[in-house]
Amino acid sequence: MKLYYVPQTCSLSPHIVLRELGLPFELVRVDNQRKVTEHGEDFLKINPKGYVAALQLEDGRVLTEGTAIVQFLADLKPEAGLAPLNGSWERSRLQEVLNFISGEVHGGMGPLFNSAIPDEVKTIFREKLYKRFALLSRTLEQHDYLLGEHFGVADAYLFTVLRWTALLGLDLEPWPALQRFMARIDQRPAVIAALAVELA
Ligand SMILES: N[C@@H](CCC(=O)N[C@@H](CS)C(=O)NCC(=O)O)C(=O)O
């Protein structure tokens, strides 16, 4: 399998999951400005949407959208317990949480990265995002991981997007449970290994 990635973007989430599962994979770096891979391939031919993450299987099929990729990967090794069994109530709960992170947190941060958006407008997006942080914090005050007491794919995704708060100058101090969550995930060997490669 090949994971097309850009360091420290949302592709970090499937990168962490691949390492957590101990699956064999190759990382292919993408130049997001030029839409060219490190091997000189036209990235738009691999993912016409033009964004990471993209996962290419040995037979050439390509899966995109981080939330789909991490579930596909978790299902390759269900015994690792990174996602509840397909078709279960718990699996639907996972999808609920993944969609929340994708739409409300990942999507909610997009405008804050956009230099064309004036500061007063950004304030509106920031306030909305803080409401989402408060909700996540309430969950993580009750248990260590988003779906209970075990690490799973939703935690890899939340960790990935909350790392961007540092880049955006957003303070997590009002939510100590989120700060503790970040410190907890940061210590996982798979996360340390993924970041070592991405930050090199
Ligand atoms: N809905 C997509 C969004 C992916 C996305 O936003 N990728 C960003 C990095 S975090 C990217 O590559 N953006 C480049 C672009 O849109 O040109 C997903 O969740 O996988």
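Let's start at the front of the chain. Residues 1–81 are 31% helix and 22% strand. The C-alpha atoms at the two ends of that span sit 21 Å apart. Keep in mind that this is a predicted model. The UniProt record, an unreviewed entry, annotates residues 1–81 as "domain: GST N-terminal".

Now the sheet. Five strands form an open sheet with mixed pairing. Read across, the order is S3-S2-S1-S4-S5. Which strands stand at the edges? They are S3, residues 36–37, and S5, residues 62–64. Each has a single partner strand, so one side of each has no neighbour in the sheet.

Let's look at one pair. Strand S1 covers residues 2–5, and strand S2 covers residues 26–31. The two run parallel, joined by four bridges. For a landmark, find Leu3: Leu27 in S2 stands opposite.

Next, the other annotated domain. The same kind of label, "domain: GST C-terminal", comes from the unreviewed UniProt entry and covers residues 87–200. What is the helix and strand content over residues 87–200? The chain there is 75% helix and 0% strand. The end C-alpha atoms of this span are 40 Å apart.

Last stop, the ligand. Which residues surround the ligand? Val6, Thr9, Cys10 and Asn32 are among them. So are Gly50, Tyr51, Val52 and Ala53. Glu65, Gly66 and Ser102 complete the list. By type, the shell holds five nonpolar residues, five polar and one charged.

That's the tour. Questions, please.

Definitions and conventions. Residues numbered from 1 in each chain as written. Predicted model: local features only at pLDDT ≥ 70, side-chain atom pairs only at ≥ 80, totals over all residues. UniProt positions renumbered as here; feature names shortened; annotations may be inferred. Near = placed C-beta within 6 Å. Nonpolar A, V, L, I, M, F, W, Y, C, P; charged D, E, K, R; others polar. Pairing = 2+ DSSP bridges.
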